[in-house]
Amino acid sequence: MAALSAKTIKNAFLAQHHPRTRHGTRYNSGFCFRNTRSMHSFQECRLSVADSSAKWLNTTTTPWTSFDKQAVSCNAAQGGSAVSSSEKVDFLKLQNGSDIRGVAVAGVEGEPVNLTEPATEAIAAAFAAWLLNRKEADGLRRLRISVGHDSRISAHKLQNAVTHGITAAGHDILQFGLASTPAMFNSTLTIDERNHLPVDGAIMITASHLPYNRNGLKFFTSDGGLNKADIKDILEHASKIYEESAHGKQQEREDASRGVVNSVDYMSIYASDLVQAVRKSAGGKEKPLEGLHVVVDAGNGAGGFFVDKVLKPLGAVTTGSQFLDPDGLFPNHIPNPEDKTAMKAITEAVLDNKADLGIIFDTDVDRSAAVDSSGRELNRNRLIALMAAIVLEEHPGTTVVTDSVTSDGLTVFIENKLGGKHHRFKRGYKNVIDEAIRLNSIGEESHLAMETSGHGALKENHWLDDGAYLMVKLLNKLAAARTLDSSIGSKVLTDLVEGLEEAAVTVEIRLKIDQNHADLKGGSFRDYGEAVLRHLENAIGKDPNLHKAPKNYEGVRVSGHGGWFLLRLSLHDPVLPLNIEAPSKDDAIKLGLAVLTAVSEFSALDVTALNKFLQQ
Ligand SMILES: O=P(O)(O)OC[C@H]1O[C@H](O)[C@H](O)[C@@H](O)[C@@H]1O
């Protein structure tokens, strides 16, 4: 009886959400995007906190063991591999460093969908194969993999594709629904048998702050996020799975050997760990933030949980918090602590509500920033300075690893004021984290790896870049201060960054390389960019006012005219980002001019943005 009713529920769900297409595949990518030109139809498709597929699973209150069979039959009926597309997919093009990123929603001119459901299914199956290969040494044959997603409008269809790819390969899935990227990693570490944790691997469906039509995948094991080489292996294998499927060579498993699906409210488990961490650091006080007014801006991403599940249980007042509901069209601002509009929105919320502190997250909560009660933004270099101050109190003399675009003022602050060591490395959160891990492995102690983008990872938190955990570190500080003076607001944080020297002018100008330009002579944009950098380096050597940074790991970093600039190749795009910091606009112009003069002979380099800056 129970199995029948589960099947009935499943059929109703499928009929409603996955009408079969004329081609007989399970997916109908149009189900959410009919009349895509109308904004209203998009609105209808927004994610609600109660993810519909998870809701379907939750309607069966059967525990895991007896639910297995029902779930198996549910999956089986959804099956008939959807990897039946004849569309060509260039899998390697989906690699974006240590992530997978692509276009998942049609409708933007010049951006055809390449992260299709069949491609996603093949990638998920390839991840399972990769993971099994690593785990087989432990005798494991059947894996348990968690899947979660941010608020993007393509989240459900990709979650279904991931689920099918994994279960069809005979492994089990835990669906978490709306989740944060760090929570997904955490699910590989949490020990909780009742909820079938820890998992062997985790998949997060997200494209961070990118536009609504994009999406992507991040993978985790208990060792952390996968690296570039792993992603390449997975994509190569996915391409084979996809090809075999297209030629009908892939065998669907018998129902009995398919994986099972269950849903778990993991965000509650993860958030309760954050709450416990703050309570512990406040000497066991139940509500250590009682009376403190904190506003959160989740930018309609996945960070809304922080209000109800973290701040309120700790006693904080949260009125004025905004954009907490998931909405994959991001109607208010891009959820990105590096974005000016986003920072303005949280700053206004703090001031309008006379709050003690503002907190802002990116879409999948691996990045964050704060605003103090006076409206002062605590992001970029300031947030690194703040975190360094906290970490260096706990670990005197430790090395702080940062990305390449950090300021000279930050170095002075970390080394002269805090007594630590600043190791300015490369751009890219994974580069920074891996470098900190490497330093520790060769005997140089490091406890903090952080990027100006708001990615920050601590050794004490498994080197996981977790925006929520960074904010917990700030809350710990506030809670401790409140035990001495319950009226103290965020001043304790503001005081910690006192003395950080900041340049009057700070700009990032992105110079595009035209990949189709004849000047590339058929070569790659990377080669071209490297040639530009070599040329600039030579030119700098001839200018007595400019000095190359003695230690530099990326691009050309130069000091002069009281400031500095860095020209480097973007990690992913055919772009040379130019960062300039200077004490005045005049000095910034001198630095910009030095770059413009040196690169002017590279006709495939679009210097319009630099010219505009120089003429302002
Ligand atoms: O090199 P860029 O184009 O400036 O991009 C650099 C950024 O790329 C990605 O978004 C990474 O997640 C960030 O960690 C990194 O900072």
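Trainee: Leaving aside its neighbours within four places in sequence, which residues is asparagine 114 in contact with?

Mentor: First, keep in mind that this is a predicted model. In it, asparagine 114 is in contact with Val89, Lys93, Leu94, Gly102 and Val103. To count as a contact, two C-beta atoms have to lie within 7 Å. For the C-alpha atoms of asparagine 114 and leucine 94, the separation is 7.9 Å, with the two positions 20 residues apart along the chain.

Trainee: Where is asparagine 114 found, and what makes it partly exposed?

Mentor: Asparagine 114 is in the loop between strand S2 (99-103) and helix H5 (117-135). It has 17 other C-beta atoms within 10 Å. Buried needs 20 or more and exposed needs 12 or fewer, so with 17 asparagine 114 comes out as partly exposed.

Trainee: And why is glutamate 498 called exposed?

Mentor: Run the same count: glutamate 498 has 10 other C-beta atoms within 10 Å. The cut-off for exposed is 12 or fewer, so glutamate 498 qualifies. You'll find it in the loop between helix H16 (491-496) and strand S18 (505-513). Asparagine 516, in the loop between S18 and helix H17 (525-541), is exposed too, with 6 C-beta neighbours inside 10 Å. The C-alpha atoms of asparagine 516 and serine 272 are 52 Å apart.

Trainee: What is the phi of asparagine 300, and is asparagine 300 buried or exposed?

Mentor: Phi of asparagine 300 is near 65°, a positive value in a residue other than glycine. Most residues other than glycine have a negative phi. As for burial, asparagine 300 has 26 C-beta neighbours inside 10 Å; the bar is 20 or more, so asparagine 300 is buried. Its place is the loop between strand S9 (294-297) and helix H10 (305-311).

Histidine 462 also has a positive phi, near 60°. It lies in the loop between strands S16 (456-458) and S17 (464-465) and is partly exposed, with 17 other C-beta atoms within 10 Å.

Trainee: Which peptide bond is cis, with omega near 5°?

Mentor: The one from leucine 197 to proline 198. Most peptide bonds are trans. Proline 198 is in the loop between helix H7 (181-186) and strand S5 (201-205).

Trainee: On to H13. Which residues of helix H13 are buried, and why do they line one face of the helix?

Mentor: In H13 (residues 408-417), the buried residues are Leu410, Phe413 and Ile414. Look down the axis of H13 and these buried residues fall within an arc of 90°, so they line one face. An α-helix has 3.6 residues a turn, so residues three or four places apart point the same way. Helix H12 (380-394), strand S13 (399-402) and strand S14 (421-424) are among the elements covering the buried residues of H13. After H13 comes glycine 419, with a positive phi near 75°.

Trainee: Which residues touch the most other members of the largest nonpolar core, and why does this core lie between domain 1 and domain 2?

Mentor: The core has 137 residues, and Ile123, Phe127, Ile203, Leu386, Met387 and Ala388 touch the most other members. Both domain 1 (2-139 + 153-259) and domain 2 (270-496) give residues to the core, so it lies between them. Take phenylalanine 127: leaving out residues up to four places away in sequence, it touches Gly201, Ile203, Phe219 and Ile234. Apart from this core there is another, of 31 residues, including Leu536, Val556, Leu567 and Ile580.

Trainee: How do you know that the shell around the ligand lies between domain 2 and domain 3?

Mentor: Domain 2 (270-496) and domain 3 (505-615) both give residues to the shell, so that's where it sits. Among the residues surrounding the ligand are Arg427, Tyr429, Glu451, His455, His572 and Asp573. By class, the shell has three nonpolar, five polar and three charged residues.

Trainee: How many residues does the contact take from domain 2 and from domain 3, and how far apart do the C-alpha centres of domain 2 and domain 3 lie?

Mentor: The C-alpha centres lie 31 Å apart. Domain 2 puts eight residues into the contact and domain 3 puts in nine. The domain 2 side divides into two nonpolar, three polar and three charged residues.

Methods. Residues are numbered from 1 along each chain as its sequence is written. This is a predicted model: local features need pLDDT of at least 70, side-chain atom pairs count only at pLDDT 80 or more; totals for chains, interfaces and linings use all residues. A nonpolar core is a set of buried Ala, Val, Leu, Ile, Met, Phe, Trp, Tyr and Cys residues joined through C-beta atoms within 7 Å. Domain bounds come from an automatic or database domain assignment. A residue is near a molecule or strand if its C-beta atom, placed from the backbone, lies within 6 Å of it. Ala, Val, Leu, Ile, Met, Phe, Trp, Tyr, Cys and Pro count as nonpolar, Asp, Glu, Lys and Arg as charged, and the others, Gly among them, as polar. Helices (H or I, at least four residues) and strands (E, at least two) are DSSP runs, numbered from the N terminus. The arc is that of the directions from the helix axis to the C-beta atoms.
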